[in-house]
Amino acid sequence: MSNSVYSFFHSVEQSFDKAAKFTKWDKGLLEQIKACNSVYSMRFPVKMDDGRIEVIEAYRVQHSQHKSPCKGGIRFSDEVNQDEVMALASLMTYKCAIVNVPFGGGKGGIKINPKKYSAYELEKITRRYTSELVKKNFIGPGIDVPAPDYGTGEREMAWIVDTYSSLKPGDIDAAGCVTGKPISQGGVRGRKEATGLGVFFGIREVCNMPEIMAKVGLTTGVENKTVVVQGLGNVGYHSAKFFREAGAKVVAIAEFEGAVYNKDGINEEELFAHRKATGSILNFPGCTNLAKNTDALELACDILIPAALENVINHENAGRVQAKIIGEAANGPLTPEADEILAAKGIVVVPDMYLNAGGVTVSYFEWLKNLSHVRYGRMEKRFTENMNTHIVSQIEEVSGKKISDAERKIILHGPEEVDLVHSGLEETMIAATREIMDIWKNNADIPDMRTAAYVNAINKVATSYNELGIFP
Ligand code: NAD
């Protein structure tokens, strides 16, 4: 456990208990769901570039095996501790259940600041961590499948799959031991934009619900809605892009160094290029600079997307938030105090636990690709195109009219891998949003969408345990 008084794991348990009151499950079963099934705390030595031996502190937690394998990222951070990894592993169980990804929750962490190590040292640490996981049977396509998280990316995942494969010669499914890999190592197309796209699909579905939009005083649909995005990183950039492409107006974007505003909308791609060229988003042509970057959070807008850090909306500024809908793209951007203040103001908060599940959903698609040993679209693309060509020529013959070349291109197009990944993600986010909203609508005592999401997760995990016959 962490030495600090605050326990992240305990706060997850509290949110769970709050929601569990709205379920019918036995107390013992609820206790089992909450508990972390396996906690592996390890220390291992690594020789650094200067010849020094450093003892590395690391963890892997498997929160629930009600579905196999377990799934969750590996974090490289100075802040890593057992309590945090346990909390994040349990959140993964609930997140996977909500988006109907058939995995148990897991999480890993190595207590290092990756910026302080050379690439070669990081490779040694990652490879040694992987072999420790192999030794204790804590990794494998059917056991536990890590992914990138804070401080890790494609490069680390490539080291993991290579180490695992070399220790498990002949394991034909070895590529499925980790997700978030480069395409050349068995990764899937569409992973990079997955979380931002999932955020867009989730919020668009909420905006298509007449009763929710009436509650917040807006018309249905995302077109012409005003959007504010905090963070122009992976998630913020892609969220802004998909909202803009759908006809919404991204009126403000906030970054570390400040925030910019344009009532007619900002093109995130051009802003990104401006930041690259000048080192800052400020002084972007056509925009006004805001005095403080946090001012963006308090602008009048329809949709606010915090996509940077945790706790950015708290008891201090929540009262000044004017957005009608908040989409939690980041993990934990709202404090529990802010939640209460915003609920009292009638603001709908779409919770992180499912809204940013695009990454794990596409990880699931990557894992399926690895187990099937075939790229999505390979079997059906040509067949679909031939069939569509045939249908179009029949229609042209019967009608005596020709369609334009542009229309022909759209209609004939057979699915590529990225098309199928995007459409699988769209289906997942729409279904998850509807399930949570149905729970919220059908129980007037459930205070917010976050609690409804937890209720949904608890019901699914509990049903799964019951069906395993563990609790006859
Ligand atoms: P990122 O590092 O690519 O982007 C974060 C951005 O926020 C950076 O550009 C950073 O400069 C900016 N930022 C930092 N402080 C800020 C401040 N005070 N005001 C405004 N902007 C600030 O990270 P990311 O992958 O986009 O992740 C963002 C959040 O989304 C995190 O909470 C992460 O846990 C969560 N998340 C990410 C994924 C994913 O697939 N990347 C999946 C689920 C959840």
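**Exercise 1. Find which atom of Phe256 approaches a nitrogen atom of the ligand, then look at the other ligand contacts.**

*Solution.* Start at Phe256: one of its backbone N or O atoms lies 3.4 Å from a nitrogen atom of the ligand. That is a polar contact (a pair of N or O atoms within 3.5 Å; within protein, one must be able to donate a hydrogen and the other to accept it, and residues adjacent in sequence count only if both atoms are side-chain atoms).

Before going on, a word on the model: it is predicted, so local features need pLDDT of at least 70 and side-chain atom pairs count only at pLDDT 80 or more, while totals for chains, interfaces and linings use all residues. Residues are numbered from 1 along each chain as its sequence is written, and side-chain values use heavy atoms, with hydrogens and water left out.

Next, turn to the oxygen atoms of the ligand. A polar side-chain atom of Thr195 is 2.7 Å from one oxygen atom, and a polar backbone atom of Asn234 is 3.0 Å from an oxygen atom.

Finally, widen the view: 18 residues surround the ligand (a heavy atom within 4 Å of it). The closest are Thr195, Asn234, Val235, Glu255 and Asn331.

**Exercise 2. Describe how domain 1 meets domain 3.**

*Solution.* First, set the bounds, which come from an automatic or database domain assignment: domain 1 covers 39-185, domain 2 covers 194-355 and domain 3 covers 361-468.

Second, count the contacts (heavy atoms within 4.5 Å): 26 residues of domain 1 touch 21 residues of domain 3.

Third, take the buried area, the accessible area (1.4 Å probe) that two parts lose on being put together, summed over both. Here it is about 1,900 Å², with 65% on carbon and sulfur atoms. On the domain 1 side, His66, Ile98 and Val99 supply 28% of the area buried against domain 3, more than any other three residues.

Fourth, look for salt bridges (a side-chain nitrogen of Lys or Arg within 4 Å of a carboxyl oxygen of Asp or Glu). The interface has one. Polar contacts link 11 residue pairs, both residues being at pLDDT 80 or more.

**Exercise 3. Locate the cis peptide bond and a residue other than glycine with positive phi.**

*Solution.* Most residues other than glycine have a negative phi, and most peptide bonds are trans. Now go to Ser68 and Pro69: a cis peptide bond joins them, with omega about 0 degrees. Then check Asn224, whose phi is near 65 degrees.
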